[in-house]
Amino acid sequence: MQKFKKSYIFTLLLILTLVLAACSDDKKEESSDNPKSNNEGGNLVIATQSDAVSLDPHLTNDTASANVRINIYDTLVVQDENMQNQPGLAESWEQVDDTTWEFKLRQGVTFHDGTPFNAEVVKANIERILDPKIASPVQFMYNMIDSVEVVDDYTVRIKTKYPFSPLPAHFAHPGGQMISKKQIEEDYAAMEKGEKPGSVINANPIGTGQFKFKEWKNGQSITLVKNEDYWGEPSKLDSVTFKVVPEDLTRISELQTGDSHISTPLSPSDLEQVDNTDGLHSQKTKSSAVTYIGMNMSKKPFDDVRVRQAIAMAIDKKEIIDGIYNGVAIEAKGPLAPGLFGYDDSIKGIEYNPEKAKELLAEAGYPNGFSTTIWTNDDRQRSDIATNVQSQLAKIGIKVEVKTLEWASMLEQTAKGEHEMMVFGWTTVTGDADNGLYALYHSSNVGVQGNRTFTKDAELDKALDEARKTADPEKRQEFYSQAQQRITELAPCVFLLHQENLVAVRDEVKGLKQLPIGLLDLKKVSIEK
């Protein structure tokens, strides 16, 4: 009996050991095959300087809004970190003839409302952008389109008014993000009842993107949740919250405490602090943007080219780059950043010469200078630029009052031409000079579409128009060189600098990329646990 007991207990222990070992092996196998247990899920919090202006991609053209929308919507074409076109909702495209493009669309894609993505959707989106009743600020990106033809469910043919070789890149612009056709129809129905364009879409944006819209607490935060039915590789995150934190130092503090995972933008003056703090690091990418001082040419005394040239000559850009940006920028010669198609290195720009500036002011009838205002938003660098310019212009007799506006108000009021001078920036999203010049300096784009200097010049318009209508790259370059030379002569802006894109990140955040256009790519982001 005693022997049987011992044998029974031994056998039981042996079975239990084998079972536990098998369970342990199963867990190891599960852990190695399913990285979610270590590196997926969670809520990513991004501390951002400004709230979105609109979540309707056809109704705004600012970075704060686009950084949110890039996660909700998809575009036909996407651009990689080298600004090369890659397939998005369009699997392929070809130029059939000089003015005809055919796009083959991705099949099996559905919107967050369950409706299908197809050629009818593309047609509805393009026609909405071009509809005068919508008054889209990105209309200039697509106004070369003459017609959109649905060939079949997944083929769309686009005819342009003239040859336009950068068209695929324009469909990578955030303004070309595809909205649910059902929601477009609902938005038009609301307009018929007296609502403003975008009222339906902005309240509950519906795209095909990696994340779905959950909530917008105006001025505080926007929260998105994972789209479980995403057509591509699903997000590794459960949700993303864009938290509005206007003050640079507060955003850094939030990173240190872990209340936020990413801070954007990162001020160059905070770069050293971030890189010397355990658990934090910075990321830098080359930028396709330019920061500039714009002058309203529709108002005196800025309607006189001598005044504008004098202001350009009186501002020492190196002082701004070294003193405000800690050298993390390069001096701008003109409106385009190096590396963009159309950039001309031979354009020298207006050089610093305060004595010559005084002479020009005297010639223009202002020997003792004049008083004016310069507008900026609450971005620390731009505010510091405004203060610096105030000091530098005082040396040639120009008294400048600095006025700080909330970002949405600044966009609205500068579009109406209520400003005199402004600190502003522009990102050439497509990598092509058309996007960097046509929007800002063609007379047809005065106001909300981008021309906030109210530049109107027939010679400049002609160069920009011809560049759009020419397919040959060498001839296009000639026209863009002419345009940049004319812009230098007109001096609607003081082109200050091209800053590197900077973002501050907690070390547990993996897979983050920042595109040259300044937007955050969250497609492969995870939080290490």
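Modeller: Let us begin with a term: a cavity is a set of grid points where a 1.4 Å probe fits but cannot get out, and its lining residues have an atom within 4 Å of a point. In this predicted model, the second largest cavity is lined by T48, S50, D51, A52, A64, N67, V68, S221, I222, F242 and V244.

Biologist: Which elements give two or more residues to the lining of the second largest cavity?

Modeller: Helix 3 (63–72), strand 9 (221–226) and strand 10 (239–244) each do so. The largest share, three residues, comes from helix 3. The space enclosed in this second largest cavity is about 50 Å³.

Biologist: How do the residues of this lining divide into nonpolar, polar and charged?

Modeller: Six residues are nonpolar, four are polar and one is charged.

Biologist: Before going further, how should confidence be read, and what is the average pLDDT of the protein chain?

Modeller: The general idea is that where pLDDT is low, the predicted coordinates should not be read in detail. In this model the protein chain averages a pLDDT of 91, and 93% of the residues score at least 70. Over residues 1–35, however, the pLDDT is below 50, and this stretch has three contacts in the model beyond near neighbours in sequence.

Biologist: How many cavities of 30 Å³ or more does the structure hold, and what is the volume of the largest cavity?

Modeller: There are three cavities of 30 Å³ or more, and the largest cavity has a volume of about 100 Å³. Its lining consists of A312, K317, K333, G349, I350, I487, T488, A491, C493, V494 and F495. Helix 17 (473–490) and strand 18 (493–499) are the elements that give two or more residues to this lining. Strand 18 provides the largest share, three residues. By class, the lining of the largest cavity comprises seven nonpolar, two polar and two charged residues.

Biologist: How does a pocket differ in kind, and which residues lie nearest the centre of the second largest pocket?

Modeller: A pocket is an open set of points, whereas from a cavity the probe cannot get out. The second largest pocket here has a volume of about 800 Å³. Its lining has 35 residues, of which V78, Q79, L515, D521 and K523 lie nearest its centre. At least two lining residues each are supplied by helix 3, strand 2 (77–79), strand 3 (85–87) and strand 22 (520–521). Helix 3 thus appears in the lining of this pocket and also in that of the second largest cavity. The pocket lining has 17 nonpolar, ten polar and eight charged residues.

Biologist: Turning to sheets, what is the order of the strands in the open sheet of four strands?

Modeller: The order is 4-5-7-6, with antiparallel pairing. Strand 4 (90–97) and strand 6 (145–152) each have a single partner strand, so one side of each is left without a neighbour in the sheet. On average, neighbouring strands are turned by 20° against each other, direction ignored.

Biologist: Over how many bridges do strand 4 and strand 5 pair?

Modeller: Strand 4 and strand 5 (residues 100–105) form six bridges in the antiparallel sense. A hairpin of two residues joins strand 4 to strand 5. S92 stands opposite K104 in strand 5.

Biologist: Which strands does helix 4 lie across?

Modeller: Helix 4 (residues 119–130) lies across strand 5, strand 6 and strand 7 (155–160), and runs at about 165° to strand 6.

Conventions
Residues are numbered from 1 along each chain as its sequence is written. This is a predicted model: local features need pLDDT of at least 70, side-chain atom pairs count only at pLDDT 80 or more; totals for chains, interfaces and linings use all residues. Side-chain values use heavy atoms; hydrogens and water are left out. Two strands pair if DSSP finds at least two bridges between them. Axes are lines fitted to C-alpha atoms, for helices over the stretch in contact, and angles run from 0 to 180 degrees between N-to-C directions. Contact means heavy atoms within 4.5 Å. pLDDT is the predictor's confidence in each residue, from 0 to 100. On a 1 Å grid over the protein atoms alone, a cavity is a set of points where a 1.4 Å probe fits but cannot get out, and a pocket is an open set with protein on both sides within 12 Å along at least five of seven lines; lining residues have an atom within 4 Å of a point. Grid points are joined across faces, edges and corners, and a volume is the space filled by probe spheres set on the points. Ala, Val, Leu, Ile, Met, Phe, Trp, Tyr, Cys and Pro count as nonpolar, Asp, Glu, Lys and Arg as charged, and the others, Gly among them, as polar.
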